[in-house]
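I open these notes to record what I looked up, entry by entry. The structure is placed first for reference.

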Amino acid sequence: MSTYRQRLKEVVAARGNLCVGIDPHANLLSAWGMPLTASGLETYCRTIVDALGETVAVFKPQAAFFEVYGSAGMAVLERVLADIRAAGALSIVDAKRGDIGSTMEAYAEAYLGKDSPLAGDAVTLSPYLGFGSLMPAFERAVAFDKGVYVLARTSNPEGGQVQLALGRGGSVAQEVVDAAKELNTRARTRAIGLVVGGTHGSLGIDVSDFNGSILVPGIGAQGGRMEDLPGLFGAALDNVLPMVGRGILQAGPDAEALRRRVSTFLAE
């Protein structure tokens, strides 16, 4: 099996670098005329993948909106991940997990395990219990040809309070960037990516020589713009995976309208 980075490179070359966020907000389900039930959730999410699955390179389902519906919602997430695989796209489960010891081992197995029904191609992780605490996830990503995206400089304005705080080697966010780069160099699979928001006038960190994928949320409804990405990311632009959620999903539920909206972002 090819590595996550190899699969990502191939699908981006064929379809462009857009990642569509599957964020089933209650207001979006209502706007689509869907009931706020697990059944409505499933129709909503699977309509998105059915409409865009052969066009878009990557989907990012947000786990929290499935958890709202309990076990029925998590079963929907499993089926949505299967749909994404069947369509030839990649999936990043946006779970932002981060813990220590055996708990982190369990999270890693759930979202990156070889036979786990909740495992996508990659998962988002929070490093704020210490970057090294995520090692069980890093090890599984390498072993099972998966990817991880570690929060470095998030799109929300509150993130800077922690992420731009100064540590021993510069800002906390920069330490995350540097630690991820070092592990990628050692493992050579480049399984470790970063989450860096596209909503900032300046990132406040240096990712110019980062050697993995960079997931960039915040494009569209949060105010980030595709045309600003070259200035923000410079030499790292080829590694950028811009993510748009509501800016696309608001065009639904008509499949053709969703595809037209996607085309406007791919053209920018």
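Which elements cover the buried residues of helix 9? I worked on a predicted model, and found that the cover includes helix 7 (135-143), strand 5 (147-153), helix 8 (160-163), strand 7 (170-171) and strand 8 (192-196).

**Entry: helix 9.** I listed its buried residues as Ala173, Gln174, Val176, Val177, Ala180, Leu183 and Asn184. I recalled that an α-helix has 3.6 residues a turn, so residues three or four places apart point the same way. I then checked the length: the 16 residues of helix 9 (residues 172-187) reach 23 Å from first C-alpha to last, close to the 22 Å expected at 1.5 Å a residue. After helix 9 I noted Arg188, whose phi is positive, near 65 degrees.

**Entry: Gln163.** I located Gln163 in helix 8. I computed a relative accessible area of 5% for Gln163, and because this is under 20%, I entered the residue as buried. Leaving out residues up to four places away in sequence, I found Gln163 touching Tyr128, Ala152, Arg153, Thr154, Ser171, Val172 and Ala173.

**Entry: nonpolar cores.** The largest nonpolar core holds 74 residues, and I found that Leu52, Val207, Phe233 and Ile248 touch the most other members. Helix 3 (residues 38-52) gives the most to this core, with eight residues. I followed Leu52 further: with residues up to four places away in sequence not counted, Leu52 touches Val20, Phe59, Ile248, Leu258, Arg259 and Val262. Apart from the largest core I recorded another, of 15 residues, among them Cys19, Leu90, Leu215 and Met243.

Technical notes. Residues are numbered from 1 along each chain as its sequence is written. This is a predicted model: local features need pLDDT of at least 70, side-chain atom pairs count only at pLDDT 80 or more; totals for chains, interfaces and linings use all residues. Side-chain values use heavy atoms; hydrogens and water are left out. Helices (H or I, at least four residues) and strands (E, at least two) are DSSP runs, numbered from the N terminus. The expected span of a helix is 1.5 Å times one less than its number of residues. Buried means under 20% relative accessible area, exposed over 50%, partly exposed in between (1.4 Å probe, protein chains only). Contact means heavy atoms within 4.5 Å. A nonpolar core is a set of buried Ala, Val, Leu, Ile, Met, Phe, Trp, Tyr and Cys residues joined through side-chain atoms within 4.5 Å.
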